[in-house]
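Below are some notes on the model, set out as numbered points. Please read them with the structure open.

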Amino acid sequence: LRHVLTSCLVASSLVLAGCGGAFAPQQATSRQADWTTLRAVPGEILVGFQRGLARGAAAATARSLGLQLVREVPGIDIAVMRASGAVPAALRALRAQRGVAFAEPNAVESLPPLRRSEEPSPPPSPAPQGDPLADKQWGLAKVDGKAAWRVTRGLPETIVAIIDTGIDYNHPDLAGRVIKGRDFANNDDDPMDGHAHGTHCAGIAGASADNGIGIAGVAPGVSLMAVKVLSDSGSGTTDAVCGGIVWAADQGAHVISLSLGGPGGKEAKQAAVDYARSKGAVVVAAMGNNGANMAVYPGASKGVIGVGATTAEDTRASFSNFGDWIAVTAPGHQILSTVPNGGFAAYSGTSMATPHVAGLAGLVRSAYPALEAEAVAAAIRQGATDLGAAGFDPQFGHGRIDAGRTLQRRR
Ligand SMILES: [Ca+2]
Ligand SMILES: [Ca+2]
């Protein structure tokens, strides 16, 4: 069924689902309608080549079919080409070429506008220690972060990459913790976040603890790597997302957190995920916010920990997608975290659930550095609190993560 559904979605012209942001749950239906429009970069095609082809194969293929070679995604044998004529005809011609593994439109990846559950407020006056907003962090309490911290708070040599709109690396509750990575949206080396989504996700995974400021992340000791693949308006392309995943893996990221996605770019995202996995990275991605049994990628890609969202009452958040590819759920409703310019705000979405899991993966990796990616994923699944129908179910996966149990039971 999953395969059929996915095929239908892709065939019916790249239905796009934003996976981020904050939703009042009752708005999910109308917002979903907004996203079901054709969204691909005009004329652009992602062409995957079989491994081991000679250098220059992409250029030769483009030339022979009258296409323009725009750029290549290093490491995974994918080229971005532009067709001046009809894209469907170019896709057919490419798929018939020897050495071409796949061809698909270069999708637009975008976030819905962020809806704040509450207005951002200036943090209380800094205290000498503790985290003044910690009592509002129901998610961190729910996953029992403090029990996990008795084993580890995460090590700075453990790198959790946040592939998103960038990170405000000057935020006082993140400063000194962020590795400035690449900006694939603007093609430069400054991944500053002018949006808020990425900074919010970064804080959930790893805001500093006991510094007298704001909140604490799940893994307040790890390093956070900022990889910007979405612009300050929250949109990007499949090739930028793939480029960011490959780049983070090449830089040694142990965990890759993806609070983004859509039904497009399935083949290219799978190639990027496979590459990151081959480098040993744990890949975590959002299930999406359509409130439906609907596959978005990379959340539904093979080898990914797909994350759905739960509420403070341990129910499935109504906007959270579900399906038999889900791995776990995590808190994703009215989650307080960091936003640019030193602020804090609460947002909702599977985007917010995902970095809880990425932070937990960072803790597991810190405590057990020799553990391979699949074993980290298994530890997270096995430590989860079963919800809904007994055992694995498509609504909650293996359950809502429990950081304390995951870390403690491996001792
Ligand atoms: Ca703090
Ligand atoms: Ca269950």
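1. Lys279 is partly exposed, because its relative accessible area of 47% falls between the limits for buried and exposed. The model is a predicted one. The side chain of Lys279 meets that of Asp250 in a salt bridge, at 3.9 Å from N to O. Lys279 sits in the loop between H9 and strand E11 (282-286) and Asp250 in helix H8, so this pair ties together parts that are 29 residues apart in sequence. Asp250 is likewise partly exposed, with a relative accessible area of 43%.

2. The count of salt bridges comes to 14. One of them joins the side chains of Arg71 and Asp239, at 2.9 Å from N to O. Arg71 belongs to strand E2 (residues 68-73) and Asp239 to helix H8 (residues 238-250), so the pair connects parts 168 residues apart in sequence. Arg71 is partly exposed at 34% relative accessible area, whereas Asp239 is buried at 8%. Arg71 and Asp239 also take part in a network of salt bridges with Glu44 and Arg82.

3. Lys269 and Glu109 form another salt bridge, with their closest N and O atoms 2.9 Å apart. Here too distant parts of the chain are linked: Lys269 is in helix H9 (residues 266-278) and Glu109 in strand E4 (residues 100-110), 160 residues apart. Both residues are buried.

4. Asp193 deserves a separate look. Asp193 is in the loop between strand E7 (178-183) and helix H7 (197-206). Asp193 is buried but has no salt bridge, and the nearest side chain of opposite charge, Lys228, is 4.9 Å away. That distance is over the cut-off, because a salt bridge needs a side-chain nitrogen within 4 Å of a carboxyl oxygen. What the side chain of Asp193 does reach is the backbone nitrogen of His195, at 2.8 Å. The side chain of Asp193 also makes a polar contact with that of Thr199, at 2.6 Å.

5. Thr199 lies in helix H7 and is buried, at 0% relative accessibility. The residues that Thr199 touches include Leu174, Ser337, Thr338 and Val339. Gly166, Ile167, Asp168 and Pro340 are among the contacts of Thr199, and they are also among those of Asp193.

6. Which residues hold the calcium ion (ligand 1)? The protein donors are Asp131 (OD), Asp173 (OD), Asp173 (OD), Ser208 (O), Asn211 (OD1), Ile213 (O) and Ile215 (O), lying 2.2 to 2.8 Å from the ion. Their spacing in sequence is D-x41-D-x34-S-x2-N-x1-I-x1-I. Of these donors, Asn211 is partly exposed at 25% relative accessibility, while Ile215 is buried at 0%.

7. The calcium ion (ligand 2) is coordinated by Asp386 (OD), Leu387 (O), Ala389 (O), Gly391 (O) and Asp393 (OD), at 2.2 to 2.3 Å. The donors follow the spacing D-L-x1-A-x1-G-x1-D along the chain. Gly391 is partly exposed, at 32% relative accessibility, and Asp393 is buried, at 5%.

8. The count of disulfides is zero. Cys201 is buried, with a relative accessible area of 1%, and Cys242 is buried with a relative accessible area of 1%.

9. Ser64 is in helix H3 (residues 57-65) and is exposed, at 51% relative accessibility. A polar atom of the Ser64 side chain lies 2.9 Å from the backbone oxygen of Thr61. Between Ser64 and Gln97, 33 residues apart in sequence, the C-alpha to C-alpha distance is 10.0 Å.

Notes. Residues numbered from 1 in each chain as written. Chains lettered and ligands numbered in written order. Predicted model: local features only at pLDDT ≥ 70, side-chain atom pairs only at ≥ 80, totals over all residues. Heavy atoms only, no water. Helix = DSSP H or I, 4+ residues; strand = E, 2+ residues; numbered from the N terminus. Buried < 20%, exposed > 50% of the residue type's maximum accessible area, 1.4 Å probe, protein only. Lys, Arg positive; Asp, Glu negative; His and termini not counted. Polar contact = N/O pair within 3.5 Å; in protein donor to acceptor, adjacent residues only side chain to side chain. Contact = heavy atoms within 4.5 Å. Donors = N, O, S within 2.8 Å, 3.2 Å for Na, K, Ca; no water. Disulfide = S-S within 2.5 Å. Lists of a residue's contacts leave out its neighbours within four places in sequence.
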